[in-house]
Amino acid sequence: MHLKNRLDVGEFAVLVEMAPPKGIDISRMVFIAEKIRSKVAAVVVPDMTAAVMRMSPLGAAMILQSKGLETVMQVCCRDRNRLALQGDLLAAYAGGISNVMIVDGQDLAFGDHHQAKAVDDIDGLQLAEALGGLCAGKDMAGTELLGAPAFFFGAEINPGLQGSELERELEKLSRFREAGAGFFITTPIFDLAAMENLADKVDVREANLIPTVMMLKSVGMARYIQRNMPHFHLSDELIRRLQKAPDKVKEAIQVARETLGALREAGFKGAMLAPMGWEQKLPEVLV
Amino acid sequence: MIIADRKPLEEIQEMVENCEKILLLGCKGCVTVCNVGGLKEVQVLASTLRIARKKEGHPLDVEEKVLERQCDPEYVEQLRDSYDQYDAVLSMACGVGPQFLSEAYPDQRFFPAVNTKFMGGAVQHGIWEERCAGCGTCVIHFYDGMCPIARCSKSLLHGPCGGSADGKCEVSRDIECIWDKIVRKKMEQNRLEDLRILRAAKDWRTARDGGPRRSIREELVK
């Protein structure tokens, strides 16, 4: 069942983020993808997360589609102008990729090509408008297309904000929805409580809000997130739980499984699992 | 200097359509030199706006003033006693002006009356051309005094491209191909070998790609 249909009928959709390789060796990506194929609704393919150069999501998503997995191709405006973005979107759809997620894309300063020039020809909302245009059969210049795609697209949302920052985020959500966005994947959360601020203001089922469950690979990672990422709510209790666990890896897998289960119970239509390099452990989480 | 063009009158009129009294604020810096936002231009625009609004039966009171520079808090401060006497302030300075004004007087609205275009100079009376893109790492010395970042449409460091013909750029016959000029000069001076040097991919961090920039001169910071 396609992701859109799954969300429409309310069947819990498990998504998994899978970064394309930095190189041409796709064997690991394909090996893991085939192992989880029957357990996930779709694989989300990031667009050079944290500005680290990797295989393009277009290429990686097409490879995954060819292996029988549905994909959500992320697209950010940092590295391509409106011609390249539209061209890649057309190529994606023709190649079987019908789900797209618009992301902001972190600044080049975060990545491994610090000296590069960012493009930022258009922004995410303008890209959403352009996607709507492509689906209506016209490119951004108004020229008619030879066959129009029918993308199901979404955007990202940060549930960890408060006050005026949350208002700003809600405004962004409503503008993306007006532009046709059909789902929203959140920045990482570590417990259900992290969704409360947003859930108070938005009908999470109507907006197809999909929380991201990030795997905590170590206590150090958890502490780093707690100290340095103010919008990510990570409780002391969770850190203590990981600290006390005799087998921390097993515990981290258990935490991810529990969070997925809690989201399903709470009525969310889906969740995305971000393995953070622990792709090989995905089969254990997705039992 | 910074070169600007005045915005179309309709756009300016639209900005101030709900105002009854505005201050039209010129600048004695770059925009005076490029004849777009100095005393004379302030007088002309003020009269034009007054006449247009009078015709519409909705008169606009336009006060005129010219600051020494709008990019300097010291001069911006001169509006302290009067800035709030208007429905809005229309600045004829480059894009820096309305922003410095907004920062100094957050409860007033400041509109730009000009479009800020580039850094350059006058090549003849009434014609200005771009010479510098402000990339933060000057390479003019490699190219005999000509900047390919600012003056080549593609900012090529190894040109010319295939679109260069008869010394003109493919973008427009009105644009000279700077790479044609660079190569010719190197040939004339028998230094064509210079162009065989492979330039590394440019570090754009010193340009806008490192985020909004600052320049700090420690010895001047109090």
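Trainee: How many residues does each chain bring to the contact between chain B and chain A?
Mentor: Keep in mind that this is a predicted model. A residue pair counts as touching when the C-beta atoms lie within 7 Å. On that basis chain B supplies five residues, and chain A supplies six residues.

Trainee: And on the side of chain B that touches chain A, how do the residues divide into nonpolar, polar and charged?
Mentor: Start from the five residues that chain B puts into the contact. No polar ones turn up there, and the split is two nonpolar and three charged.

Trainee: Over to chain A: why can we call it as compact as a globular protein of that length?
Mentor: Chain A holds 11 helices and eight strands. For its 287 residues the globule rule gives 19 Å, so the chain counts as that compact because its radius of gyration is close to this, at 18 Å.

Trainee: What do the eight strands of chain A form?
Mentor: They run 1-2-3-4-5-6-7-8 with parallel pairing, and neighbouring strands are turned by 25° against each other on average, direction ignored. What you get is a closed barrel.

Trainee: Which residue in strand 2 of chain A is the bridge partner of V16(A)?
Mentor: Look at strand 1, residues 13-17, which runs parallel to strand 2, residues 42-45, in chain A. Three bridges join these two strands. In strand 2, the partner of V16(A) is V43(A).

Trainee: What share of chain A is buried?
Mentor: Here a residue needs 20 or more other C-beta atoms within 10 Å of its own. Of the 287 residues in chain A, the buried share is 40%.

How values were computed:
Residues are numbered from 1 along each chain as its sequence is written. Chains are lettered from A and ligands numbered from 1 in the order in which they are written. This is a predicted model: local features need pLDDT of at least 70, side-chain atom pairs count only at pLDDT 80 or more; totals for chains, interfaces and linings use all residues. Two strands pair if DSSP finds at least two bridges between them. Helices (H or I, at least four residues) and strands (E, at least two) are DSSP runs, numbered from the N terminus. Axes are lines fitted to C-alpha atoms, for helices over the stretch in contact, and angles run from 0 to 180 degrees between N-to-C directions. Two residues are in contact if their C-beta atoms, placed from the backbone, lie within 7 Å. Ala, Val, Leu, Ile, Met, Phe, Trp, Tyr, Cys and Pro count as nonpolar, Asp, Glu, Lys and Arg as charged, and the others, Gly among them, as polar. The radius of gyration is taken over C-alpha atoms; the globule rule is 2.2 Å times the number of residues to the power 0.38. A residue is buried if 20 or more other C-beta atoms lie within 10 Å of its own, exposed if 12 or fewer, and partly exposed in between; C-beta atoms are placed from the backbone.
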